[in-house]
Amino acid sequence: IATCEALVAPPNYAPSFSTSSQSLSSRAAFFGFGSDDDIASSSVLSSNSNTLIEKTKDFIHNKSGFYSNYDADVYSEEFVFRGPYIGPLNKADYLATMDAFGIWKAIPDINPNAWGFSIDPKDPNRVWFMVRNTGTFDGEPLAPDVLNYKPNGARNL
C-alpha cells in the first residue's frame, strides 16, 4: 500500500486513523464489493464522488509518472509519497525517482488494471483503489542511469 496524502488534500489536512463500527456490508460497498443498492444508499458517496473518481483514473493513466509521464503541475507542493519500503518522498524526490526508473518507458504496455474505486467514508477527498499491473518489459532499459537493466521481454500477467 502506498499513500500520497497531499495530492488533493487541503493544506491543513489531518488524516484520521480511528476504527469504525461500520457493518460488513457497508465496508464491502466501500471497497467496491457491495451491490449498487448498497453503494447508492451509502452516505459515502457525494455528488462530487464520480468526478473525483474520474480525476483519479485520469491521474493514474496520464499523470502519475508510473504508468505514463508525470504532470508535475498536478502535484501539490506539500505532496508526500509514503510506501512500505520507500519514503517519505517530497514532490521533488518523488518526481526524480519516477524519472530515474522510467517504468512506463521500460514497460510501454503497462496497465494498472485499477479496480474497486471508492471514496473514503472518513475523508471525502480520498479515493481508494487497487491495481493488478500487467505489461511487457520490452521498452527502454529500466533505470538507465542507475541499474541499466536491459529489456528481456518478460511479461507480467
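In this predicted model, Y75 is buried, with a relative accessible area of 3%. Its ring partner F79 is likewise classed as buried, at a relative accessible area of 1%. Because the planes of the two rings stand at 90°, with the centres 4.8 Å apart, the Y75–F79 pair is edge-to-face. Both residues belong to a wider cluster, in which ring pairs link F59, Y75, F79, F81 and Y94.

**Aromatic pairs**

The count of aromatic pairs comes to eight. Among them is the pair formed by F66 and Y67, which is edge-to-face because its ring planes lie at 70°, with 4.9 Å between the centres. The two members of this pair fall into separate accessibility classes: F66 is partly exposed, with a relative accessible area of 26%, whereas Y67, at 15% relative accessibility, counts as buried. The cut-off for buried is under 20% relative accessible area, so the 15% of Y67 qualifies, while the 26% of F66 does not.

The two pairs described above are set out below.

| Ring pair | Distance between centres | Angle between planes | Geometry |
|---|---|---|---|
| Y75 and F79 | 4.8 Å | 90° | edge-to-face |
| F66 and Y67 | 4.9 Å | 70° | edge-to-face |

A further aromatic ring, that of F117, has a charged neighbour: K57 lies over its face, at 5.0 Å from the ring centre.

**Strand β4 and its surroundings**

Strand β4 comprises residues 115–119. Four of its five residues are buried, so the strand is largely enclosed by the rest of the structure. I119 is placed in this strand and counts as buried, with a relative accessibility of 1%.

Strand β4 is joined by three bridges to strand β5 (residues 127–130), and the two run antiparallel. Within β5, V127 is the bridge partner of I119. I119 also has a spatial relation to a residue remote in sequence: L52 is 67 residues away along the chain, yet the C-alpha atoms of the two are 8.5 Å apart.

**A nonpolar surface patch**

Which residues make the nonpolar surface patch of about 420 Å²? The patch is made by F101, V146, L147 and Y149. Y149 is found in the loop between β6 (135–136) and β7 (155–156). Its relative accessible area is 47%, so Y149 is classed as partly exposed. Membership of a patch requires over 30% relative accessible area, and the 47% of Y149 therefore meets that requirement.

Terms used. Residues numbered from 1 in each chain as written. Predicted model: local features only at pLDDT ≥ 70, side-chain atom pairs only at ≥ 80, totals over all residues. Heavy atoms only, no water. Patch = residues over 30% accessible without salt bridge, like charges linked within 9 Å, V, L, I, M, F, W, Y side chains within 5 Å. Areas by Shrake-Rupley, 256 points an atom, 1.4 Å probe, with all protein chains shown as cover. Salt bridge = Lys/Arg side-chain N within 4 Å of Asp/Glu carboxyl O. Buried < 20%, exposed > 50% of the residue type's maximum accessible area, 1.4 Å probe, protein only. Phe/Tyr/Trp six-rings, centres within 6.5 Å; stacked < 30°, edge-to-face > 60°. Lys NZ or Arg CZ within 6 Å of the ring centre and 35° of its normal. Pairing = 2+ DSSP bridges.
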